[in-house]
Amino acid sequence: MLIEKCNLSDVIVLEPNIFQDNRGFFSEVYNKQILHNVGIETNFVQDNHSMSKLTGTFRGFHFQLPPYEQAKLVRVIRGSILDVVIDIRTNSSTFGDHYSVLLSSENRKQI
């Protein structure tokens, strides 16, 4: 799995290895040890799936305050999205900075 750090702390882009054959492909989309090795200590407790029917759909900005905060792993299984992360943590050295990445079913990147 390729790991790309970005300008915001606690945000990384993952590019899973793809193993293809005549049946299709296999990829490992989450590995706790790999994330641990790059300093991400996450306990994923929920898995969601959404679908947007129309091109240009805006899903909105989401955040949670303690004690309801959640780590997120976002990927696209069909089509593409522009995912934008904005650091709104007032005590962060990157407060107000943002990062965007194109996630698609073709590049299989995750953030």
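Residues 24 or more positions apart account for 52% of the contacts in the protein with a separation of 6 or more, where a contact means heavy atoms within 4.5 Å. Before going on, note that this is a predicted model, where local features need pLDDT of at least 70 and side-chain atom pairs count only at pLDDT 80 or more, while totals for chains, interfaces and linings use all residues. Residues are numbered from 1 along each chain as its sequence is written, and side-chain values use heavy atoms, with hydrogens and water left out.

Now for the overall layout. The protein has one helix and six strands, and reading along the sequence you meet them in the pattern β-β-β-β-α-β-β. Helices (H or I, at least four residues) and strands (E, at least two) are DSSP runs, numbered from the N terminus. The C-alpha trace spans about 50 × 40 × 25 Å along its principal axes. Of the 111 residues, 19% count as buried; here buried means under 20% relative accessible area, exposed means over 50%, and partly exposed is in between, with a 1.4 Å probe and protein chains only. The accessible surface comes to about 8,900 Å², and 52% of that belongs to carbon and sulfur atoms. Such areas come from the Shrake-Rupley method with a 1.4 Å probe, and for residues only the protein chains shown count as cover.

Let's start walking at the beginning of the chain. Strand β1 (residues 2–5) runs antiparallel to β2, and four bridges join them; two strands pair if DSSP finds at least two bridges between them. Within this pair, E4 stands opposite V13 in β2. The hairpin of β1 and β2 has six residues between the strands. One of the residues in that loop is D10, whose phi is near 70°, a positive value in a residue other than glycine. D10 counts as exposed, because its relative accessibility is 59%.

Step into strand β2 (residues 12–15) and you find I12. Is I12 buried or exposed? I12 is buried, because its relative accessible area is 9%. Leaving out residues up to four places away in sequence, I12 touches I3, E4, K5, L35, V38, I40, Q110 and I111. Take V38 from that list: I12 and V38 are 26 residues apart in sequence, and their C-alpha atoms are 9.1 Å apart in space.

Next comes the loop between α1 (32–37) and β5, which holds F63. F63 is exposed, because its relative accessible area is 55%. P67 has its place in the loop between α1 and β5 as well, and a cis peptide bond with omega of about 10° joins P66 and P67.

F63 also belongs to a bigger picture on the surface. Together, F58, F61, F63, L65, L82, V84, I86, I88, F95 and L102 make a nonpolar patch of about 1,100 Å². Patches are made of residues with over 30% relative accessible area and no salt bridge, where like charges are joined within 9 Å and nonpolar side chains (Val, Leu, Ile, Met, Phe, Trp, Tyr) within 5 Å. A salt bridge, in turn, is a side-chain nitrogen of Lys or Arg within 4 Å of a carboxyl oxygen of Asp or Glu. The largest share of the nonpolar patch, three residues, comes from β5.

Keep following the chain to the loop between β5 (80–86) and β6 (98–104), and you reach D87. Despite its loop position, D87 is buried, because its relative accessible area is 4%. Which side chains make polar contacts with the side chain of D87? One is R89, at 2.9 Å, and another is T94, at 2.5 Å. A polar contact is a pair of N or O atoms within 3.5 Å; within protein, one must be able to donate a hydrogen and the other to accept it, and residues adjacent in sequence count only if both atoms are side-chain atoms. Setting aside residues up to four places away in sequence, D87 touches L8, S92, T94, F95, G96 and D97. The partner T94 sits in the loop between β5 and β6, and T94 is buried, with a relative accessible area of 11%. Apart from neighbours within four places in sequence, T94 is in contact with N7, L8, S9, D87 and R89.

The last stop is R108, in the segment after β6. Phi of R108 is near 55°, a positive value in a residue other than glycine. R108 is partly exposed, because its relative accessible area is 25%.
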